[in-house]
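Notebook open, model loaded. I'm jotting down what I look up as I go.

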Amino acid sequence: LILIDDDLLIKELKFTFLNNPIQLIDFSYFFSILCFLLLINALNMFDGINLQTGIYCVTIFSIFLFKDLYSGISLIIILSLTLFLYYNYFNRGFLGDNGTQVLAFIIAYILIKSNNNSVNIFLPEEIFVLLSLPGLDMLRLFLYRIVNGKNPFRADRDHIHHLISNKINSNYAAIIIQTITIINILFYYIISYKLIAILFVILTYVFLFLYFKKERLA
């Protein structure tokens, strides 16, 4: 698909807090494909408890809709996920691998296309903030598993949502994670210096992990 559509090729990264964009040059194809695969895997790993991934994707596509970006498909997905969440709440419907992979691909497609748009609807730091919780959790789990000699792709119950749901109801765990996600997004749009927003979401995740990890060990 990247070979067909040049707008899906990430050639440079334009951060607002850097004077010059980062030129990817020969790494463009590798980096572009890696972005798709990382998000697909991150969202799949994020889908561990009911409601969590569905509400998260509704949030992302609502932002697309608010920005008048791919409004038709965004509205269809929001309505579909809203109906799905009803069945998911009662354990009668699940996204599974196919659901998360399709949603992740569409999200990555829209974000990369918009990043390559002349008006830069989504900048790299904004994309980082939007995808921070699934992405940071995947990074932590991969590093933890590799350091401990485990297969980084092997499933376990050390995800952030599992750590939270070990202490409280899984529905409340989903609400906590979505609340953190919305706070991170709002903070990004409020603050002018975007590097602080990136540091904020990282520290928020670290605090969330350490707090519930400590609670579980106690």
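Pockets first. I started with the lining of the largest pocket: helix 1 (28–46), helix 4 (96–115), helix 5 (124–130) and helix 6 each supply at least two residues. Which helix gives the most to that lining? I found helix 6 on top, with 6 residues. The volume of this largest pocket comes out at about 710 Å³. I listed 22 lining residues, and Cys35, Leu38, Ile127, Phe128 and Leu131 are the ones nearest the centre. Then I sorted the lining of the largest pocket by character: 19 nonpolar, 3 polar and no charged residues.

Next, the second largest pocket, which holds about 170 Å³ of space. I see 14 residues lining it, with Asn44, Met45, Phe153, Ala155 and His159 closest to its centre. Helix 1, helix 6 and helix 7 (160–165) are the elements that give two or more residues to this lining. Helix 1 gives the most here, with 3 residues. How does the lining of the second largest pocket divide into nonpolar, polar and charged? I got 5 nonpolar, 6 polar and 3 charged.

Before going on, a note to self: this is a predicted model, so I checked the confidence. The protein averages a pLDDT of 91, and 96% of the residues score at least 70. Confidence is highest in helix 3 (residues 71–89), at a mean of 96, and lowest in helix 9 (residues 194–217), at 87.

Back to helix 6, since it turned up in the linings of both the largest pocket and the second largest pocket. I tested its length: helix 6 (residues 132–147) has 16 residues, and at 1.5 Å a residue they should span 22 Å. The end C-alpha atoms are 22 Å apart, so the two agree. I also pulled the buried residues of helix 6, and they include Leu133, Leu136, Met138, Leu141 and Phe142. Asp137, Arg140 and Arg145 are on the buried list too. After helix 6 comes Gly149, with a positive phi near 70°.

Last entry: Glu126, which sits in helix 5. Buried or exposed? I looked up a relative accessible area of 4% for Glu126, and the cut-off for buried is under 20%, so Glu126 counts as buried. What does Glu126 touch, leaving out residues up to four places away in sequence? I noted Lys67, Ile121, Tyr188 and Tyr189.

Terms used:
Residues numbered from 1 in each chain as written. Predicted model: local features only at pLDDT ≥ 70, side-chain atom pairs only at ≥ 80, totals over all residues. Heavy atoms only, no water. Helix = DSSP H or I, 4+ residues; strand = E, 2+ residues; numbered from the N terminus. Expected span 1.5 Å × (residues − 1). Buried < 20%, exposed > 50% of the residue type's maximum accessible area, 1.4 Å probe, protein only. 1 Å grid on protein atoms, 1.4 Å probe; cavity = no way out; pocket = protein on both sides within 12 Å on 5 of 7 lines; lining within 4 Å. Points joined across faces, edges and corners; volume = space filled by probe spheres on them. Nonpolar A, V, L, I, M, F, W, Y, C, P; charged D, E, K, R; others polar. pLDDT = per-residue confidence, 0-100. Contact = heavy atoms within 4.5 Å.
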